[in-house]
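Opening the notebook on this one. I wanted to look up cavities, a strand pairing and some salt bridges.

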Amino acid sequence: MSKHTRAAFPAGGVAWADLKAQMAQRTAADADWKSGRTAIFFFMANEEAYEVGKRAFMEHFSENALGAARAYPGIAQMERDVIDYGLDLLHAPEGGRGVFTTGGTESILLGVKSARDRHRAAGKGGAGQPLNMVMPVSGHPAFDKAAILMDVEVRRAGLRPDLRCNVDDLKGLVDENTFLIVGSAPCFPHGVIDPIGEIAAFALDRGIWMHVDACVGGWVAPFFERIGRGTPAFDFRHPGVCSMSADLHKFGFAPKPSSTVFFRDGADLERSTFRLGTWGSGMYTTATMSGSRPAGAVAAAWAVLNHLGTSGYEQAARDLSAMTDAYVAGIRAIPELELWAEPDVTILNIGSNVVDIYAVAERMRARGWIPGLTSAPRGMHTMLSMQHAPAREAWLTDMTDSIGEVRATKATSDLAATY
Ligand SMILES: Cc1ncc(COP(=O)(O)O)c(C=O)c1O
């Protein structure tokens with residue numbers, strides 16, 4: 001590791017114009033989301049929705065959503081609206097409730113906490129035995145993070161050849177100390193939706209909480225279903241689904257930080273709600289892990305949802321589908337490439353039986369792209385959003401050229417798979 005020289009606390013007095021210039025200089029070499037050269041991190045429906053989100057955020061830039069109930073009833077109302085929209089979209093039954101959070105990780109932490117506490121409250125499990133949660137190997141690390149914080153074990157099931165959860169394998173990992181079963185819609189590495197119906201039926205039968213991690217698909221995959229893409233149902237229509245995480249700051253197209261977590265039974269939300277009245281400053285209550293939260297994110301999500309609405313999200317689903325199909329056709333036309341999975345939404349996992357795909361990725365990096373890498377299978381990963389549409393031809397040309405170089409030199413790569 002190179003030695004870091006600590007920056008001294010600034011003397012101050014730098015004017016905004018200078019700061020702006022310095023920031024531009026510092027970030028000049030950073031990825032430009034508009035170029036579509038970055039495989040993840042930014043999500044776009046269209047330029048207008050992007051502007052709506054940005055402006056709405058800035059309108060409420062200064063307010064703190066922690067104080068919504070007491071000081072900002074207007075923000076609280078927008079928050080309730082967003083939660084209602086999500087409950088409606090995901091077919092939560094009457095009595096379902098939800099929370100606006102700062103990201104997928106926080107939504108997942110809340111779901112895991114409620115599941116663990118319901119299990120404990122029911123007095124289930126072998127005395128002195130550690131609790132465990134069972135999920136496919138492709139589930140997001142946020143669950144492992146939650147497990148560390150809550151001192152529970154994670155058991156990971158294998159995948160079927162189509163890279164969806166192998167439900168038989170998952171069933172074999174479940175025991176009396178299993179408090180939670182997880183499926184993804186879709187999973188991040190391979191972009192496929194796990195067999196949610198099958199898992200949910202098993203969870204219901206065993207009386208175990210099931211959480212669907214729809215951080216990627218929650219706010220957009222329902223519209224894929226509505227436009228007839230054959231996207232499988234993954235929500236509360238399956239009676240075994242107890243909670244769901246769904247990120248607004250991904251395919252809800254809202255600015256960061258914004259996500260949601262929903263509970264079939266509103267009483268379960270109480271299990272992750274924090275309350276303390278004994279610290280000398282009155283009753284402190286949060287439904288989130290975080291305390292202070294940006295009200296701008298709440299306003300922005302509300303504004304983007306109202307700006308796009310049903311027709312806007314359906315159009316986004318059509319645009320994303322057409323773009324994904326065009327990428328898939330382009331990839332299939334390159335003989336050296338394989339798609340390791342059929343994308344359920346817009347995540348592509350691209351590999352090869354002929355060339356080392358990591359060596360291709362290295363050459364793509366040299367050409368200014370920032371591809372993701374997956375380790376099993378060894379693949380190049382990309383999560384397509386609308387800024388990737390204009391970049392398609394250049395991406396395909398650079399892929400073809402990179403593959404040509406790798407073939408010519410028989411290059412291999414010892415890159416480590418990176419998120
Ligand atoms: C399937 C899935 N779940 C959870 C998360 C975590 O979301 P966040 O980065 O907003 O915490 C991600 C992030 O990419 C994800 O893809």
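I took helices (H or I, at least four residues) and strands (E, at least two) as DSSP runs, numbered from the N terminus. The model is predicted, so I kept local features to pLDDT of at least 70 and side-chain atom pairs to pLDDT 80 or more, while totals for chains, interfaces and linings use all residues. Residues count from 1 along each chain as its sequence is written, and side-chain values use heavy atoms, with hydrogens and water left out.

Cavity. I looked for sets of points on a 1 Å grid over the protein atoms alone where a 1.4 Å probe fits but cannot get out, with lining residues having an atom within 4 Å of a point. Points join across faces, edges and corners, and volume is the space filled by probe spheres set on them. I got 1 cavity of 30 Å³ or more; the largest holds about 120 Å³. It has 15 lining residues, with A39, W369, P371, T382 and W395 closest to its centre. Strand β13 (residues 379-383) gives the most to that lining, 3 residues.

Strands. I call two strands paired if DSSP finds at least two bridges between them. β2 (residues 132-136) and β3 (residues 153-157) run parallel over 5 bridges, and M135 has R156 in β3 as its bridge partner.

Salt bridges. My cut-off was a Lys or Arg side-chain nitrogen within 4 Å of an Asp or Glu carboxyl oxygen. The whole structure has 25. E47 pairs with K34, closest N and O atoms 3.8 Å apart. E47 lies in helix α2 and K34 in the loop between α1 and α2, so the pair ties together parts 13 residues apart in sequence.

Terms used:
On a 1 Å grid over the protein atoms alone, a cavity is a set of points where a 1.4 Å probe fits but cannot get out, and a pocket is an open set with protein on both sides within 12 Å along at least five of seven lines; lining residues have an atom within 4 Å of a point.
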